[in-house]
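Hi,

Here is the structure I promised to pass on. Please have a look at it below, and then read on for what I found in it.

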Amino acid sequence: MSASRLLSAWDPAAALGPGLLALGYLVAARRARWPRRRTAAFLVGCAFLFVALGSGLDRYDDQLLSVHMAQHLALTML
């Protein structure tokens, strides 16, 4: 495991869930007139969800407990 492998292994299918969440939120925010900061925070959260579950971390999470726990920490801290 190296930093270049972690940064180069992206799974585009992992973008489906966060992408649909972001799209649904944008539709709801347009109708309900949410504050822009709230919308931006939600979109950053969706992007972070994709990074945690679609990057190289996901490739090694079933092989290394430390990487799996780093995923848990990253998802719960943000």
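Let me start with the two helices H2 and H3. In this predicted model, helix H2 covers residues 16-32 and helix H3 covers residues 36-54, and their axes come within 9 Å of each other and cross at roughly 170°. Since an angle over 145 degrees counts as roughly antiparallel, H2 and H3 are therefore roughly antiparallel to each other.

What do the two helices bring to their contact? From H2 come Pro18, Leu21, Ala22, Tyr25, Leu26 and Ala29, and they meet Arg38, Thr39, Phe42, Leu43, Cys46, Leu49 and Phe50 of H3. By residue type, the contact of H2 with H3 has eleven nonpolar residues, one polar and one charged.

The loop between H2 and H3 has a detail you may like to check on your screen: it holds Arg33. The phi angle of Arg33 is positive, at about 60°, although this residue is not a glycine. Is Arg33 buried or exposed? With a relative accessible area of 72%, Arg33 is exposed.

Next, the aromatic residues. How many aromatic pairs does a search of the whole structure find? The search gives two. One of them joins Tyr25 and Trp34: the ring centres are 6.1 Å apart and the planes lie at 15°, so this pair is stacked. The other joins Tyr25 and Phe42, with ring centres 4.1 Å apart and planes at 15°, so this pair is stacked as well. Tyr25 belongs to helix H2 and Phe42 to helix H3, so the pair ties together parts that are 17 residues apart in sequence. Tyr25, Trp34 and Phe42 together make up one aromatic cluster.

The members of this cluster can also be described by their accessibility. Tyr25 has a relative accessible area of 16% and is buried, because the limit for that label is under 20%. Trp34 is partly exposed, at 35%, and Phe42 is partly exposed too, at 29%.

Now to the later part of the chain. Gln71 sits in helix H5, which spans residues 65-77. Its relative accessibility is 5%, so Gln71 counts as buried. Which residues does Gln71 touch, leaving out those up to four places away in sequence? They are Ala52, Leu53, Leu57, Asp58 and Asp61.

One of these contacts, Leu57, is found in helix H4 (residues 56-60). Leu57 is partly exposed, with a relative accessible area of 24%. Its C-alpha atom is separated by 8.3 Å from the C-alpha atom of Ala70, and these two residues are 13 residues apart along the chain.

Finally, a word on confidence. The protein chain has an average pLDDT of 85, and 91% of the residues score at least 70. Among the elements of the chain, H2 has the highest mean pLDDT, at 92, while helix H1 (residues 3-8) has the lowest, at 67. For your own reading of the model, then, H2 is the element with the highest mean value, and H2 is also the helix that contributes Tyr25 to the contact with H3.

Happy to talk any of this over whenever it suits you.

Best wishes

How values were computed
Residues are numbered from 1 along each chain as its sequence is written. This is a predicted model: local features need pLDDT of at least 70, side-chain atom pairs count only at pLDDT 80 or more; totals for chains, interfaces and linings use all residues. Side-chain values use heavy atoms; hydrogens and water are left out. Axes are lines fitted to C-alpha atoms, for helices over the stretch in contact, and angles run from 0 to 180 degrees between N-to-C directions. Helices (H or I, at least four residues) and strands (E, at least two) are DSSP runs, numbered from the N terminus. Angles under 35 degrees count as roughly parallel, over 145 as roughly antiparallel, 65 to 115 as roughly perpendicular and the rest as oblique. Contact means heavy atoms within 4.5 Å. Ala, Val, Leu, Ile, Met, Phe, Trp, Tyr, Cys and Pro count as nonpolar, Asp, Glu, Lys and Arg as charged, and the others, Gly among them, as polar. Buried means under 20% relative accessible area, exposed over 50%, partly exposed in between (1.4 Å probe, protein chains only). pLDDT is the predictor's confidence in each residue, from 0 to 100. Rings of Phe, Tyr and Trp (its six-membered ring) pair if their centres lie within 6.5 Å; planes under 30 degrees apart count as stacked, over 60 as edge-to-face and the rest as tilted.
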